[in-house]
Amino acid sequence: ELAREHQPDLVLLDLHLPDMGGVDVLRALRSDPSTAGVAVAEVPPGPPSSPSSQLHGPGVVAMLAKPLDVRVLLALVDDVRAAAGGQAARRRLPGS
């Protein structure tokens, strides 16, 4: 609902939410035409190298490790903004 209302350029998606899993949130974002193009950065609860902690799908542009490195986050925001109108490639950012 918030993504539809605010139309963000980027959603930071914690994969273990209390109400709904990250896969379900990503599916909901992609199934709604008003949020289908929103870039998503996953934030896994554990080590980002664990395959079970990774989402794969359209619009998942990065994986950010906790605790978040503000410089890495700001670089991602810049990348997403620069790629507006195009699809940013999924990648791992330095420090993540």
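1. Where does Asp-32 lie? In this predicted model, Asp-32 sits in the loop that runs between α2 (22-31) and β2 (39-43). Ser-34 has its place in the loop between α2 and β2 as well.

2. Is Asp-32 buried or exposed? The relative accessible area of Asp-32 is 15%, so the residue counts as buried, the limit being under 20%. Ser-34 has a relative accessible area of 32% and is therefore partly exposed.

3. The side chains of these loop residues meet: Asp-32 makes a polar contact with Ser-34 at 2.8 Å.

4. Ser-34 also has partners further off in sequence. Leaving out residues up to four places away in sequence, Ser-34 touches Arg-4 and Gln-7. Glu-5 is 29 residues from Ser-34 in sequence, and the C-alpha to C-alpha separation of Ser-34 and Glu-5 is 9.2 Å.

5. Turning to the interior, the largest nonpolar core is made of 10 residues, among them Leu-10, Ala-39, Val-61 and Val-80. Two or more residues of this core come from each of β2, β3 (60-63) and α3 (70-82). Leu-13, Val-25, Leu-26 and Leu-29 are included in a second, separate core of nine residues. In soluble globular proteins, nonpolar side chains tend to be buried together.

6. Which residues does Ala-39 touch, not counting residues up to four places away in sequence? The contacts of Ala-39 are Asp-9, Leu-10, Val-11, Gly-59, Val-61 and Val-80. Of these, Leu-10, Val-61 and Val-80 are listed with Ala-39 in the largest nonpolar core.

Notes: Residues are numbered from 1 along each chain as its sequence is written. This is a predicted model: local features need pLDDT of at least 70, side-chain atom pairs count only at pLDDT 80 or more; totals for chains, interfaces and linings use all residues. Side-chain values use heavy atoms; hydrogens and water are left out. Helices (H or I, at least four residues) and strands (E, at least two) are DSSP runs, numbered from the N terminus. Buried means under 20% relative accessible area, exposed over 50%, partly exposed in between (1.4 Å probe, protein chains only). A polar contact is a pair of N or O atoms within 3.5 Å; within protein, one must be able to donate a hydrogen and the other to accept it, and residues adjacent in sequence count only if both atoms are side-chain atoms. A nonpolar core is a set of buried Ala, Val, Leu, Ile, Met, Phe, Trp, Tyr and Cys residues joined through side-chain atoms within 4.5 Å. Contact means heavy atoms within 4.5 Å.
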